[in-house]
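The following exercises concern one molecular structure and are each followed by a worked solution. Please examine the sequence and the model before beginning.

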Amino acid sequence: MLDIKNLHVKVEGREILKGLTLQVGAGEVHAIMGPNGSGKSTLAQVLAGRDAYEITEGSVSYDGGQDLLAMAAEDRAAAGVFLAFQYPVEIPGVGNTYFLRTAMNAIRRTRGEEELDAIDFLSLAKAKMKLVEMDPSFMSRSVNEGFSGGEKKRNEVFQMAVLEPKLAILDETDSGLDIDALKIVANGVNSLRSPERSMIVITHYQRLLDYIVPDQVHVLSGGKIVRSGDKSLALELEQSGYVIFGEEAAQAAAAGGGA
Amino acid sequence: MEEGSTVLERQKQIQELTNRKYDAGFVTDVEQDFFPKGLSEDVVRLISAKKDEPDFLLQWRLKAYRHWLRMTEPKWPNVHYPQIDFQDVYYYASPKTDEDRPKSLDEVDPEILATFEKLGVPLNERARLAGVAVDAVFDSVSVATTFRETLAEKGIIFCSFSEAVKAHPDLIRRYLGSVVPYSDNFYAGLNSAVFSDGSFCYIPKGTRCPMELSTYFRINAADTGQFERTLIVAEEGAYVSYLEGCTAPMRDKNQLHAAVVELVALDDAEIRYSTVQNWYPGDKDGKGGIYNFVTKRGKCAGPRSKISWTQVETGSAITWKYPSVILQGDDSVGEFYSVALTNNMQQADTGTKMIHLGKNTRSTIISKGISAGRGQNSYRGLVKVAKGARHARNYTQCDSLLIGDKCGAHTFPYIEVGNPTARVEHEASTSKIGEDQLFYCLQRGIKEEDAVSMIVNGFCKEVFKKLPMEFAVEAQKLLGVSLEGAVG
């Protein structure tokens, strides 16, 4: 589904990702953990197509060999890439329903599919809202405006449920959630797991992975994946912290520099 | 479901608008009747004679003209343009058929009918939008008023200003200049001297006007100023909703539009006045376009009366207008809802004045300014509470949205409170369509142009919902068209 090779990314002249390599197979859920500033969010934004980043080296092949980095952000969305934002954006005056239906129909148009009318869309939306226990009143509110942190994150998962992506990237969807909200969000995400859908779950804490059990866990540090393993790696991290990986990463970077 | 269908329409519009340019910019080839260029007492007399006006009106025009000669152009607005040569303007142009004015629609020049048809204003009653009576003003004269009989049954008068002068001279005499005197300001003075036509509307006591009334203004002739005058009088307990639309052909030279609108609401009467202004804005380098220098004012003369202005200003090279309300009657209400957009080289200095004279008078001001390209957008507003206006209240909200980094937004609020029991609130915000907002939309598959249009429409929602349905749809389309090329 996703094949990232030796990805180097700069922001404002500073290199953040320094040769990241990662494969995610169809239907797999991969967790990416790592300390603050290790490049987790940069990876998410680069995959989604934000143009503030300069890609200096490497390649990203998506869903049968498409060159993801060559595609515009909206075309990536149409091709099934979805990013659940760490900080969902408010759009005052634009209704949630209207926004999401515009998005859905834009994607359907690009794919050459028929657009959904208001009635079909609403019944679809209502069904998906239940997944994240969202109150129907959300639909008539403006996009994320006046939403609490937890409501915003639920809204992201709800949008994901409606848009049914092939590759979902969840950027710290657990941050700022209390345990009840966390469970709701995790249940929503779990119900969207399918053999056709790959997910990258970015998190700072192991806690989320108690609820969303990943197929693989990667540790991102110093702009590289420094360790990969199964879910037990997350538990190990919780006990030892990221410090050791910081050192490992430093060594890896030094070794890379010497080569 | 209501939201659903609106949404559907909006979506269609977004598709449509991506290919639209200023599509009202065509010229209609009709034989025109001009007076020589320039302004003098003779021209004023000629206009008056041409219209066969009663002496009181000629005298009023002449007083206005003589007063205007001593006035100077206002320099305080935050707009910049070369000196206007007022002697290089035609003050009167009308389609030739004016010789013997059309008595029914069948007699209107088919070219003119076709023009309005093209603009989406069908004058043919069979093809009309249900429930909207239209008065169409082509350059200096009113060419047709629809639905007149239906309205007459209720005692409502809706006709061109010229006809009103002939048929209802007493009403004109009583109310003309009663809200905007000719000495008010330079452009109102000029208009008072040379105004050629416009609409007149009178709603008798206790009558609710059963349909939206609408005037459609069109400047067609080159080098012509348009100086129309609208007067609306709502008697005790009357209600009327009035719409005004404007377009002009694309021309390289700037054209002057100096209109005056006066509204009078007696006890318990309500007037809602909506404008969608789409005069030609000039090209992207600022060549050509309309100078829209307009004086609009309403007087809540009676207790519990209400006047509400809603405007969507997307056109014109320069917009200078402050639709205002004089809150004279106790418990009267004034409202101003505005969207002003400036793109490319457009400039706007617009806002309102709320003059609280009566007790318990209330006013609301919601202003949304959008600047894109190198556009400059100023909000200028005065809230004045007179000494005797006990418990007057005002709420002002003034938001600016910037698209790109070469445009400007400015706010000039003036507040004068002469009574300690008054409560005046002012809120202002300036925001920029951020990279974050755009990227959020793009990531959800929405194209950039559609995303900007959506964000801007969201920003204007509070104002759009005050517009009658058909106008709201038109306004949204216009915003999209006017924003073309604003990003990227």
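**Exercise 1.** How many salt bridges does the rule count over all chains? Describe one that lies within chain A.

*Solution.* The model is a predicted one. Over all chains, the count comes to 26 salt bridges. One of the pairs to examine is Glu90(A) with Lys152(A), whose closest N and O atoms are 3.3 Å apart. This distance satisfies the criterion, since a salt bridge requires the side-chain nitrogen to be within 4 Å of the carboxyl oxygen. The next step is to place both residues: Glu90(A) belongs to the loop between β6 and β7 of chain A, and Lys152(A) to helix α5 of chain A, so the pair ties together parts that are 62 residues apart in sequence.

**Exercise 2.** What is the area buried between chain A and chain B, and which three residues of chain A supply the most of that chain's share?

*Solution.* Begin with the participants: chain A brings 39 residues to the contact and chain B brings 26 residues. The buried area is about 2900 Å², and carbon and sulfur atoms give 62% of it. On the side of chain A, Arg50(A), Glu74(A) and Tyr98(A) supply 23% of the area buried against chain B, more than any other three residues.

**Exercise 3.** Which polar and charged pairs link chain A and chain B, and which element gives the largest share of the side of chain A that touches chain B?

*Solution.* The rule finds 2 salt bridges across this interface. One of them joins Asp436(B) to Arg50(A), with the closest N and O atoms 2.9 Å apart. Between the two chains there are also 10 residue pairs in polar contact. Turning to elements, those of chain A that give two or more residues to this side include α1 (40-48), α2 (73-78) and α3 (96-110). The largest share, 10 residues, comes from α3(A). By class, the side of chain A that touches chain B has 23 nonpolar, 8 polar and 8 charged residues.

**Exercise 4.** How do α3(A) and α5(A) cross, and which residues make their contact?

*Solution.* Two packed helices are described by the angle between their axes and the distance between the axes. Here the axes of α3(A) and α5(A) come within 11 Å and cross at roughly 35°. The crossing is right-handed. Among the contacting residues of α3(A) are Phe99(A), Leu100(A) and Met104(A), while those of α5(A) include Asn155(A), Phe158(A) and Val162(A). Sorted by class, the contact of α3(A) with α5(A) has 8 nonpolar, 3 polar and no charged residues.

Methods:
Residues are numbered from 1 along each chain as its sequence is written. Chains are lettered from A and ligands numbered from 1 in the order in which they are written. This is a predicted model: local features need pLDDT of at least 70, side-chain atom pairs count only at pLDDT 80 or more; totals for chains, interfaces and linings use all residues. Side-chain values use heavy atoms; hydrogens and water are left out. Contact means heavy atoms within 4.5 Å. Buried area is the accessible area (1.4 Å probe) that two parts lose on being put together, summed over both. A polar contact is a pair of N or O atoms within 3.5 Å; within protein, one must be able to donate a hydrogen and the other to accept it, and residues adjacent in sequence count only if both atoms are side-chain atoms. Helices (H or I, at least four residues) and strands (E, at least two) are DSSP runs, numbered from the N terminus. Ala, Val, Leu, Ile, Met, Phe, Trp, Tyr, Cys and Pro count as nonpolar, Asp, Glu, Lys and Arg as charged, and the others, Gly among them, as polar. Axes are lines fitted to C-alpha atoms, for helices over the stretch in contact, and angles run from 0 to 180 degrees between N-to-C directions. A crossing is left-handed if the near helix is turned anticlockwise from the far one by less than a right angle, and right-handed if clockwise.
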